[in-house]
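Trainee: Got a minute to go through this one with me? I'd like to start with the pockets.
Mentor: Sure, put it up.

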Amino acid sequence: MQDRQIVSRILEIEAEQLRRTKKPALFLYNSGRKKHKKQIAFHKCKKRNRWVFGGNRSGKTECGAVECVYFARGVHPYRKNRNSVFGWVVSLSQQVQRDVAQKKILQYLDSAWIEDIVMLSGRKDSPDSGVIDQIRIRNVFGGTSVIGFKSCDQGREKFQGSSLDFVWFDEEPPKDIYDECRMRVMDKKGDIFGTMTPLKGLTFVFDEIYMNKRGDPEIWYEFMEWADNPYLPAGEAEAMNAALGEKELESRRYGKFCVNEGLVYPEFDERVHVIEPFPIPFEWQDNISIDPGLNNPLSAHWYCVDYDGNVYVVAEHYEAKKDIDYHAQKIKEISRAIGWHTDQKGRICALIDSAANQRTLASSKSVSELFYERGILVNANVNKDLFAGIARVKSYFRGNSASGAGIYIFENCVHLIRELKGYFWGEGDIPRKKDDHALDELRYYLMTKPKNEAPALPQTAVQKDKMRLIRKLSGKRRSGE
């Protein structure tokens, strides 16, 4: 039998045992009767650094605890299982460990699966009332797995030395402990996963996980809120909703990061506005928008409009410390790759910041002129009104623009998505001037009143020859020949 079939059969046998012993927690979870869609997505994800940002009672801790039990027992339904693993459960303090994480782990462990429990305090025959150091667990393939418990108040030194298969962070750890745990899973190419309610503001988790500023391909995250948990009684949700203020609701209900400054675009929702790429009809192509930069990033995006006026951001070029030759070449390469329209001379048209028309002491030509010489016909006649532009962008994210249209961003436009997530108001109702290059050219484009007017198709050789003959004939008529 294949591993998946073996695990499936083991789960069936254990489900029957759990029914008989009146301890159906893991059975109910595996059967889907206590598991919701976002928990399933968490377990299915194969990436090695996974995080759930969830409100209280959203089900985030449940999936973290079950993931640990899956690994330790060797019954993970979506991974290749091993006969022995060693992992840590990391809590903020020993008291929180006792009251939350270890309680959840024990809830999903049948006593028949436990070989031994090592206590830091309390009695092993009543582990709920004490603090556990380790649980030794019988793996279904014959080995023994260990789940160890750590608390952040022990300090970084207590997290050194071990080589681990997984680490579960129950709530957000200090950065030094997170970094140390990343080192612990490196040898075995193990997993890190965290479940947390983000109450501490814009910490390293915001930068390294949510914003993923390093571009780590192994990072995955999901938001969970009360509405995602079908097992949360409606009355309980209503009571919590009434008891919390607006900012508390953002974090404690929706799992959003709690910050003093407000997001400029809270209307942006990755689950709604970020979509998988699909072949764009030629007649949807509209324009390219550029925010120029040499030392700073140059940001360019390709925009399309469907028949209902909805805007699609379909491609991206975003790089710093490059010259005009490089950027022009990249814009041409991307345009060719997606079949973007050109004029009759093969030139590409684009919008650009009006500052690109200015000449500097360092150059006798403006950025616009330099692009023009390289076959990029830039139009610097853009509306740069900041507040009107922000209002226009918001209306597209809300889907209530003048045309009733919305905006959708291909998931490969990672820099635009990142900037949208981290764009905050600063002092004096002015957005903080940081990481906004893509957002500037997004405003320039949306302020041009995007429209669906099919660009002219490139002329064929026959059409070009026909036009040449027509011009020649017209010239002869004018000369009286």
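Trainee: What volume does the second largest pocket have?
Mentor: About 510 Å³. Keep in mind that this is a predicted model.

Trainee: Which residues are closest to its centre?
Mentor: Arg57, Gly59, Glu62, Lys104 and Asn229, out of 25 that line the pocket.

Trainee: And which elements give two or more residues to that lining?
Mentor: Three helices do: α2 (25–30), α4 (60–73) and α5 (94–107). The largest share is from α5, with five residues.

Trainee: How does the lining divide into nonpolar, polar and charged?
Mentor: Nine residues are charged, eight are polar and eight are nonpolar.

Trainee: Switching to strands. What does β4 pair with?
Mentor: β4 (residues 131–138) is joined to β3 (residues 114–121) by six bridges, and the two run antiparallel. β4 is also joined to β5 (residues 144–151), by five bridges, again antiparallel.

Trainee: Which residues stand opposite each other there?
Mentor: Met119 is opposite Ile132 of β4. On the β5 side, Ile137 is opposite Ser145.

Trainee: How many residues lie between β4 and β5 in the hairpin?
Mentor: Five. Gly142, in that turn, has a positive phi of about 105 degrees.

Trainee: Last topic, cysteines. How many disulfides does the count come to?
Mentor: Zero.

Trainee: Are Cys45 and Cys413 buried or exposed?
Mentor: Cys45 is buried because its relative accessible area is 11%, under the 20% cut-off. Cys413 is buried too, at 0%.

Notes:
Residues are numbered from 1 along each chain as its sequence is written. This is a predicted model: local features need pLDDT of at least 70, side-chain atom pairs count only at pLDDT 80 or more; totals for chains, interfaces and linings use all residues. Side-chain values use heavy atoms; hydrogens and water are left out. On a 1 Å grid over the protein atoms alone, a cavity is a set of points where a 1.4 Å probe fits but cannot get out, and a pocket is an open set with protein on both sides within 12 Å along at least five of seven lines; lining residues have an atom within 4 Å of a point. Grid points are joined across faces, edges and corners, and a volume is the space filled by probe spheres set on the points. Helices (H or I, at least four residues) and strands (E, at least two) are DSSP runs, numbered from the N terminus. Ala, Val, Leu, Ile, Met, Phe, Trp, Tyr, Cys and Pro count as nonpolar, Asp, Glu, Lys and Arg as charged, and the others, Gly among them, as polar. A disulfide is a pair of cysteine sulfur atoms within 2.5 Å. Buried means under 20% relative accessible area, exposed over 50%, partly exposed in between (1.4 Å probe, protein chains only). Two strands pair if DSSP finds at least two bridges between them.
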